[in-house]
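Welcome! Here is a short guided tour for anyone meeting this structure for the first time. Keep the 3D view open as you read.

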Amino acid sequence: MANRTVKDAVTIKGTNPQYLVEKIIRTRIYDSLYWKEHCFALTAEHVVDKGADLRYIGGVYAGNVKPTPFLCLILKLLQLQPDKDVILEFLKQKDFKYLRALAAMYIRLTFNSVEIFTLLEPLYADYRKLRYMNRMGQFELIHMDEFIDSLLREDSYCDIQLPRLQKRQALEESNQIDPYVSSLDEDLDNLSESESDEEPKEKPKPLTRRRNRSRSRSVSRERDRRRGEDDRDRRRRHDSPEYSRRDRERAREKEREREKERKSRKKDKTKDDEEREIEESNALRAKLGLAPLER
């Protein structure tokens with residue numbers, strides 16, 4: 001039947017490979033339209049075509065638990081159990097990123113811990129974007145390195161319970177795997193070398209309080225000296241012969257004119273005040289029926 005594992009399949013983690021996917025999700029996959037239309041009688045040679053047609057990854061979504069095509073193809077790979085060389089070719093190719101993600105998920109489910117770390121950690125250098133469909137049926141944007149990191153760190157992903165993975169530190173201590181070397185280490189080393197080559201710039205010495213006080217005193221003395229010189233120059237010009245008698249007469253004439261203007265302004269103001277008082281008195285007398293005052 002189409003939903004059975006191939007006869008010569010090897011048990012994984014002591015069980016049928018399809019049983020790595022929970023029963024309720026397997027049932028939903030078997031009942032899905034994508035499984036019936038695209039995965040029925042699908043062989044290992046044709047899985048690559050379906051993987052290349054993928055446009056997003058994810059587990060189940062919506063209220064009635066619909067499986068994504070990515071999840072359906074994962075179950076189909078577990079059912080077919082293709083050769084390891086085929087899966088490695090899926091992983092090494094760079095043209096179809098969702099096919100690479102499919103191979104990475106299958107490796108995480110079926111390979112041992114040493115092979116998982118050895119094969120998946122180089123994909124940290126792949127920063128291509130992936131569309132991920134969440135439980136609400138909405139797309140989220142992630143990157144390939146985030147996807148690989150989730151496979152190595154999370155207990156479940158895409159609604160599949162991931163098999164237990166040995167600690168990397170334990171594998172390093174038993175010499176089964178080399179210590180991890182990040183691709184950023186070289187950049188950090190170059191950055192530290194460039195910083196060490198730069199000579200430190202000498203910082204200007206801050207002025208002490210005593211120097212600040214002496215500077216402020218000198219500034220105030222200079223200002224007072226300039227004011228004194230200006231006053232002396234003004235008196236010198238006033239006492240000099242150039243400041244002639246005609247200039248003095250002209251200044252006195254201007255002062256007389258200013259005095260006349262002040263007196264005339266005061267007189268006009270007094271007259272206006274008297275007129276206003278008479279008008280107010282006449283208005284009051286008119287209300288009382290009395291004769292107005294004469295101006």
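In this predicted model, helix α1 (residues 23-31) and helix α4 (residues 69-80) have axes that come within 10 Å of each other and cross at roughly 105 degrees. Angles from 65 to 115 degrees count as roughly perpendicular, so α1 and α4 are described that way. On the α1 side of this contact you will find Ile 25, Arg 26, Ile 29 and Tyr 30, which meet Leu 71, Cys 72 and Leu 75 of α4. By type, six of the contact residues are nonpolar, none is polar and one is charged.

Just ahead of α4, have a look at Thr 68, which sits in the loop between β3 (66-67) and α4. Is Thr 68 buried or exposed? Its relative accessible area is 0%, and buried means under 20%, so Thr 68 is buried. Setting aside residues up to four places away in sequence, Thr 68 touches Tyr 56, Gly 58, Gly 59, Tyr 61 and Met 133.

Two of those neighbours turn up again in the sheet. Gly 58 stands opposite Met 133, a residue of β4. The strands β1 and β4 pair in the parallel sense, over two bridges. The sheet itself is open, with three strands in the order β1-β4-β5 and mixed pairing. Its edge strands, β1 (57-58) and β5 (139-143), each pair on one side only. Lying across β1, β4 and β5 is helix α8, which runs at about 85 degrees to β5.

Now for the nonpolar core. The largest one has 55 residues, and the members that touch the most others are Ile 57, Phe 70, Met 105, Leu 120, Phe 147 and Ile 148. Several elements each supply at least two residues of this core, and the table lists some of them.

| Element | Residues |
|---|---|
| α2 | 33-39 |
| α5 | 84-92 |
| α6 | 97-110 |
| α7 | 113-120 |
| β4 | 129-133 |
| α8 | 144-153 |

Helices α1 and α4 also belong to this group of suppliers. Which element gives the most to the core? That is α6, with ten residues.

Met 105 is a good place to finish, as one of the core members that touch the most others. Leaving out its neighbours within four places in sequence, Met 105 is in contact with Phe 70, Ile 74, Phe 147, Leu 151, Tyr 157, Cys 158, Ile 160 and Leu 162. Among these partners, Phe 70 and Phe 147 are also on the list of core members with the most contacts to other members.

Conventions:
Residues are numbered from 1 along each chain as its sequence is written. This is a predicted model: local features need pLDDT of at least 70, side-chain atom pairs count only at pLDDT 80 or more; totals for chains, interfaces and linings use all residues. Side-chain values use heavy atoms; hydrogens and water are left out. Axes are lines fitted to C-alpha atoms, for helices over the stretch in contact, and angles run from 0 to 180 degrees between N-to-C directions. Helices (H or I, at least four residues) and strands (E, at least two) are DSSP runs, numbered from the N terminus. Angles under 35 degrees count as roughly parallel, over 145 as roughly antiparallel, 65 to 115 as roughly perpendicular and the rest as oblique. Contact means heavy atoms within 4.5 Å. Ala, Val, Leu, Ile, Met, Phe, Trp, Tyr, Cys and Pro count as nonpolar, Asp, Glu, Lys and Arg as charged, and the others, Gly among them, as polar. Buried means under 20% relative accessible area, exposed over 50%, partly exposed in between (1.4 Å probe, protein chains only). A nonpolar core is a set of buried Ala, Val, Leu, Ile, Met, Phe, Trp, Tyr and Cys residues joined through side-chain atoms within 4.5 Å. Two strands pair if DSSP finds at least two bridges between them.
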